[in-house]
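Here's a quick briefing to read with the model open beside you. We'll go through the domains, then a sheet, then a site taken from a database record.

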Amino acid sequence: MEKYDRQLRLWGDNGQSYIESANICIIGPHNPLLQETLKNLILPGFKKFNWLNTSDSSNIQSNNNNDLFFNDINDILKLNEDKVELSIELWNNSIDKSFWKNFQILIILSINDKSIISYFDNLLSLPKNDNDSLYLPPIILAHSIGLFGYVHLKFFNPHFILETHPDYPRYDLILDKPWPQLKQFMDKLDLTNLNDSLISQLPYVVFLYKAIEAIPNNEIKSTTSIKNWLGNIDLPINNGNLNFIQAKRYSYLAFYDTESEARILKILKDAVKFESESNLWRDNFNNNVIKLVKCFKIYLDEFKFIPINGEIPDMESKSEYFIELEKVYRAKSESDKEKFKGITRQNCPEIPDDFINLFWKNIRNIAFVKPSKKPIHYIWDTSDLLFRDLLELQFGTENNVQMDEKFQLSLVVNSYSTSSIIAGIAAQEVLKVITHQYVPVDDALVYNGLDDEINTFSI
Amino acid sequence: MNYNSGSAITIKILILGAGGLGSEILKNLIPLNKIINEIHIIDFDTIELTNLNRQFLFNENDIGKPKAIVAKSYFDNHFPDLDINIIAHNEDIFNLSMDFIQSFNFVISGLDSIEPRRFINQKILQLTKDSNYNICIPFIDGGTEGFKGHVKTIIPGITSCWECSIDTLPSIQETVPMCTIANNPRSIEHIIQYVINVQFTNANLDDKSHLDKLLQLCIERANQFNITIDEKKFNVNYILGVIKKIIPSVSTTNAIIAGQCCNMLIKIYYDLLNFDNLKNFSIYNGSDSVFNYVYVHQRNPNCTVCSSI
Ligand SMILES: [Zn+2]
C-alpha cells in the first residue's frame with residue numbers, strides 16, 4: 001500500500017478499497033482522451049475495465065493514430081504491477097440491458113454516433129416496473145477538441161457523500177444547549193476563584209459558556225451579547241491572552257448552528273423524496289445512507305437536535321482542561337449514537353457498525369447530488385453556447401457553429417494537452433463518485449482553454 | 001513576442017522537475033514536434049515507491065534511479081524516431097547558469113518547492129532586464145496539492161512575476177507555540193512535534209528502527225497526557241506525514257494542471273493571448289464540485305525582483 005501513500009492521504013484505506021474493487025465501463029474510440037482517462041484511472045488503482053470500442057472494426061487496439069502516446073493499450077495496463085483486467089469488445093446497439101449492472105460507472109468518450117445516446121435514453125424510458133431496467137450506473141460523457149472540452153456527469157439515483165472534506169470544518173459546540181456532564185465540567189471552573197495563571201490556560205469555550213450563562217434570560221443571547229460580556233469582564237485578563245482572543249474570534253461557534261440544521265434537514269427531505277420516486281439501481285453505499293437517513297429522521301423526531309460528532313477544534317488550553325472537555329463532547333456523541341443505533345437495529349440491522357459510525361461522524365458534512373430525470377439527449381437543449389458548439393462539432397454538425405478566426409485557430413491547434421485536462425477531470429470525478437468522498441460536479445462543465453475558464457452548470 | 005501564428009519557428013523548452021507534473025508536461029509536449037525541437041528536463045531527485053501512484057514513465061525497477069534520466073530513457077525506448085531532442089539533467093536547479101537559462105524560449109515548472117521557483121524567476125527577470133527586453137522567456141509554473149492546483153504565467157517585464165505573489169502563499173503551516181508543544185499538548189500532532197524536536201532530534205527517517213522508536217515515544221507521551229490515539233490511523237506513515245508535511249498527490253490533478261501549463265505555451269506560441277491584460281494566474285479546485293478561478297495578478301510595485309524592470 002505504500003505506493004498509494006500520497007493519495008491515501010486524500011481518501012484513506014476505505015476509499016482505496018472502493019477504487020480497487022470497482023468495475024468501470026468505457027465507451028469510445030481509441031484516441032488520446034480514452035488513453036489518458038484509462039491511464040489516470042489505472043494509476044490510482046482501478047483494476048477492472050470493459051472497453052466498448054466505437055472505432056472502425058479493424059485494428060481494434062493497435063495504434064494507427066499518430067496522436068496516441070501509448071503504442072499499445074496494454075502498455076497502459078502495465079502501469080499497475082498488479083493484474084489489471086481490460087476486456088475489449090466492439091460497441092453494438094443490441095447490448096442487453098442486463099449488461100450494465102456489472103459496472104459502478106460508465107464513461108462515454110468522444111463518440112460521434114448519436115444512436116449510442118438513443119440506446120441509453122431508450123433504456124431510461126422503459127417502464128419502471130420492468131425489473132431488468134433497474135440497472136444503470138452513473139454516466140460520464142466527455143469530449144475534447146482543440147483548446148476546448150466538456151465533462152457531463154449524470155446520476156440516476158441520489159448520490160451521497162459522507163466524507164466531503166470541507167476546507168474549513170464546521171464545529172458545533174452547542175454551549176446554549178448544555179447537557180449534565182458539560183454543565184458539571186463548567187461549574188467546576190469558577191472564574192472568580194481561579195488564579196491568573198489558570199485563567200490564562202482555560203479553553204475559550206469556558207468563557208463562551210460563562211457568557212451565555214451570565215446573560216439574563218430576558219435578553220437576547222447572541223454573538224454580540226457574548227462579545228459585550230467578554231469586553232466588560234472583570235478578570236485578570238490581558239489582551240495578549242491567546243485563549244481570550246480566541247473566545248472573541250470564535251464566539252459565533254457558541255450557539256447551536258441553525259443554518260447547518262436547515263441545510264441538513266433539506267438534504268434529508270430531498271433524499272427521501274428522490275428515493276421514493278426512483279426504483280432504479282443504486283449502489284450499496286447510497287442504499288445504506290438512504291436507510292440511515294430514514295432512521296435519522298426518526299431520531300430527530302424524538303431528540304430534536306442535530307447531534308454533535310464528538311470533535312472539538314484545537315484551542316489554546318492547558319492539556320488537562322482540553323482533554324477533559326474533549327472527553328465530555330465525545331461521551332455525549334457516543335451516548336447519542338447509542339440511541340441512534342437503537343433505531344437502526346430495529347430498522348436496518350444489516351448495516352455494518354463501521355458504516356453507522358461513519359454516518360454519525362459526518363452528518364454535518366453530508367451532501368448529495370440529485371438524480372437527473374431528463375434523457376441524455378437533453379444536452380442539446382443547453383443554454384451554454386460553447387457546450388452546444390462542442391456537441392455540434394463532436395457529432396459532425398459543425399455547419400451550425402459560428403466561428404471567428406481565433407475560435408477556428410483554437411480548434412486546430414494540437415489538442416493533446418486538452419485531452420489530458422479533460423481526461424484528468426473525468427477521472428477525478430470518477431474517483432469522487434466511486435469513493436463517495438468529495439462532492440462531484442452537478443452536473444456539467446465546459447473547459448475553455450482560450451480563456452482558461454471552466455464553467456460549471458446544470459443541464 | 002516573436003511568434004506569429006503560422007510561423008514555423010522551432011523552440012527550445014526547459015522543464016523544471018521530472019516528477020508527477022514534470023512527466024505530464026513532457027508527455028504533452030511530444031505531439032508538438034512541429035514547433036519544438038529540443039526539451040531539457042532537470043531534476044535532482046531519485047525515484048521512490050510513493051511516486052508511482054502518479055507516474056507513468058517509471059516503474060518499480062526504477063526505484064532509486066534519477067528521475068530526469070529515467071524519464072528521458074522512456075522516450076529513447078518508446079519513441080526511437082522522435083524528432084525532438086530530449087536532454088536530461090540530474091542536477092540541482094540552483095546550479096543553472098544565466099547562459100544556460102537564456103538559451104531557452106520557454107521555461108515550464110512542475111516543482112513542489114518554493115525556493116527553486118524563486119531562483120528561476122529571479123534569473124529570468126534578470127535576463128530581461130540586462131538585455132533591455134531583447135530576451136523575454138515566458139515562465140509557466142504549475143503546482144498541485146491533492147485535488148487543488150495552480151498555473152502562474154510570468155511574461156517578464158509585462159505580467160507580475162513569481163515573487164510578486166509571494167505574500168499570497170499560505171503561511172507555512174500555522175505554527176503552534178513551543179510552550180504548547182512542550183507543556184500543553186492537546187493532539188497527536190503536538191505530541192509528534194515534541195518527540196521529533198526535543199526527545200529524538202537525530203531521528204533518521206529512512207531507518208526503520210528509528211521510525212519504530214519514534215512511534216513508541218509518541219505513544220508513551222500521548223499516554224502520559226491522556227491523549228487518545230485512533231489506532232486505525234496512527235502509525236509510522238501518519239507520523240511521517242506530520243513531520244515531513246507530506247503533500248497529498250494524485251495523478252488526475254497533475255494531468256489537469258500540466259495540461260493547462262502546456263495550453264498556455266501553445267497560446268503564447270500561436271499569439272492567441274493579449275498580454276496587456278493577461279489573466280496570468282489560475283487556480284483549480286476539484287475537491288467540491290469543480291472550481292477554476294482565473295485572474296490578473298497585478299504586479300507588485302515594490303517587488304524585490306521585478307519592480308525595476
Ligand atoms: Zn515581481
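Chain A of this predicted model splits into three pieces: domain 1 (2-156 + 372-457), domain 2 (180-254) and domain 3 (258-368). Domain 1 is written as two stretches of chain A, 2-156 and 372-457.

**Domain spacing**
- Between the C-alpha centres of domain 1 and domain 2 of chain A, you'd cover 55 Å.

**The eight-stranded sheet in chain A**
- Eight strands of chain A make up an open sheet, and walking across it you meet them in the order E3-E2-E1-E4-E5-E6-E9-E10.
- The pairing in this sheet is mixed.
- At the edges you'll find strand E3 (85-90) and strand E10 (453-457) of chain A; each has a single partner strand, so one side of each has no neighbour in the sheet.
- On average, and ignoring direction, neighbouring strands here are turned by 15° against each other.

**Zooming in on E6 and E9**
- Strand E6 (residues 148-154) and strand E9 (residues 444-448) of chain A pair up in the antiparallel sense, with five bridges between them.
- If you want a spot to look at, try Tyr150(A), which sits opposite Val446(A) in E9(A).

**The annotated site in chain B**
- An unreviewed UniProt entry lists Cys179(B) under "active site".
- In the model, Cys179(B) falls in helix H5 (residues 178-183) of chain B.
- Is Cys179(B) buried or exposed? Neither label fits: its relative accessible area is 45%, and because buried means under 20% and exposed over 50%, Cys179(B) counts as partly exposed.

Notes: Residues are numbered from 1 along each chain as its sequence is written. Chains are lettered from A and ligands numbered from 1 in the order in which they are written. This is a predicted model: local features need pLDDT of at least 70, side-chain atom pairs count only at pLDDT 80 or more; totals for chains, interfaces and linings use all residues. Side-chain values use heavy atoms; hydrogens and water are left out. Domain bounds come from an automatic or database domain assignment. Two strands pair if DSSP finds at least two bridges between them. Helices (H or I, at least four residues) and strands (E, at least two) are DSSP runs, numbered from the N terminus. Axes are lines fitted to C-alpha atoms, for helices over the stretch in contact, and angles run from 0 to 180 degrees between N-to-C directions. UniProt positions are given in the numbering used here, feature names are shortened, and annotations may be inferred rather than shown by experiment. Buried means under 20% relative accessible area, exposed over 50%, partly exposed in between (1.4 Å probe, protein chains only).
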